[in-house]
Amino acid sequence: MTFAYFDCFAGVAGDMVLGALLDAGGSVEALRSGLAGVPVDRFELEVTGAERGGVGGTHVRVRAERSHVIRNWAYLRGALGEADLPAPVRDRSLATFARLAEAEARVHRKPVEQVHFHEVGAVDAVVDIVGSALLLHELGVTELWASPVATGTGLVRGEHGMLPVPVPAVVELLQDVPVYSGGVAAELTTPTGAAILAAGAARFTDLPAMRVSAVGYGAGTRQHDELPN
């Protein structure tokens, strides 16, 4: 079988997942074609080579204008349900957003249906989540595992002001998952990245026995002195 192992030594974010899967052999054309079937606001997908801490990889950036559409769970569930996507891709995408909705509902103490996603409901998060599902499907990945997850530490500014790192939604999503700070005063793991793992990873463990057939590095946006991002 085709087995994927995510080594989250620098955390995990949606753009890093897309970059890693493209770097490991995923098709940019298949990604663009698949995303064309998703009913979201207009966006541009920018895929470039990048170097972080001396390691080359692929960086993905989603460029979109800020939308005033309120994206709650009911809206996103309907939009993804109507999207022109292969059934496994739609199911994985819906499962990932469902985990996000449940986490945000616990954080904000409100019913799941009333959750507004704020940052994670933006166009780039939809692209990251659906795009990662498309690429996993295109690469034929049948099972996904991950390492313990570095979260970062410190504070980060969010929609509601300053938040501790890891942010509350990440803490909710990664319950029962082995995590550690990584010693970096920055947000290494985002809610989008955490949701992709929470919904898709069958196990969190050190590198298992495997025969490596492809390697991909997904570059984050920031440069860190402590580790290659």
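Which residues lie nearest the centre of the second largest pocket, and how many residues line that pocket?

The model is predicted: local features need pLDDT of at least 70, side-chain atom pairs count only at pLDDT 80 or more, and totals for chains, interfaces and linings use all residues. Residues are numbered from 1 along each chain as its sequence is written, and side-chain values use heavy atoms, with hydrogens and water left out.

**Exercise 1. Describe the second largest pocket.**

Step 1. A pocket is an open set of points on a 1 Å grid over the protein atoms alone, where a 1.4 Å probe fits, with protein on both sides within 12 Å along at least five of seven lines; its lining residues have an atom within 4 Å of a point.

Step 2. The lining comprises 36 residues, and Y5, F6, D7, V215 and G216 lie nearest the centre. The volume, taken as the space filled by probe spheres set on the points, is about 1000 Å³.

Step 3. Helices (H or I, at least four residues) and strands (E, at least two) are DSSP runs numbered from the N terminus. Among the elements, β1 (2-6), α1 (14-23) and β3 (55-63) each supply at least two lining residues; β1 gives the most, with 5 residues.

Step 4. By class, the lining holds 25 nonpolar, 8 polar and 3 charged residues. Here Ala, Val, Leu, Ile, Met, Phe, Trp, Tyr, Cys and Pro are nonpolar, Asp, Glu, Lys and Arg are charged, and the others, Gly among them, are polar.

**Exercise 2. Classify the aromatic pair and state the burial of its members.**

Step 1. Rings of Phe, Tyr and Trp (its six-membered ring) pair if their centres lie within 6.5 Å; planes under 30 degrees apart are stacked, over 60 edge-to-face and the rest tilted. The count under this rule is 1 aromatic pair.

Step 2. The ring centres of F3 and W145 are 5.1 Å apart and the planes stand at 75 degrees, so the pair is edge-to-face. It links distant parts of the chain, with F3 in strand β1 and W145 in strand β4 (residues 141-146), 142 residues apart.

Step 3. Buried means under 20% relative accessible area, exposed over 50%, and partly exposed in between (1.4 Å probe, protein chains only). F3, at 25%, is therefore partly exposed, whereas W145, at 14%, is buried.

**Exercise 3. Characterise helix α5.**

Step 1. The expected span is 1.5 Å times one less than the number of residues. For the 16 residues of α5 (residues 123-138) this gives 22 Å, in agreement with end C-alpha atoms 22 Å apart.

Step 2. Helix α5 is mostly covered, with 13 of its 16 residues buried. G140, which follows α5, has a positive phi near 75 degrees.
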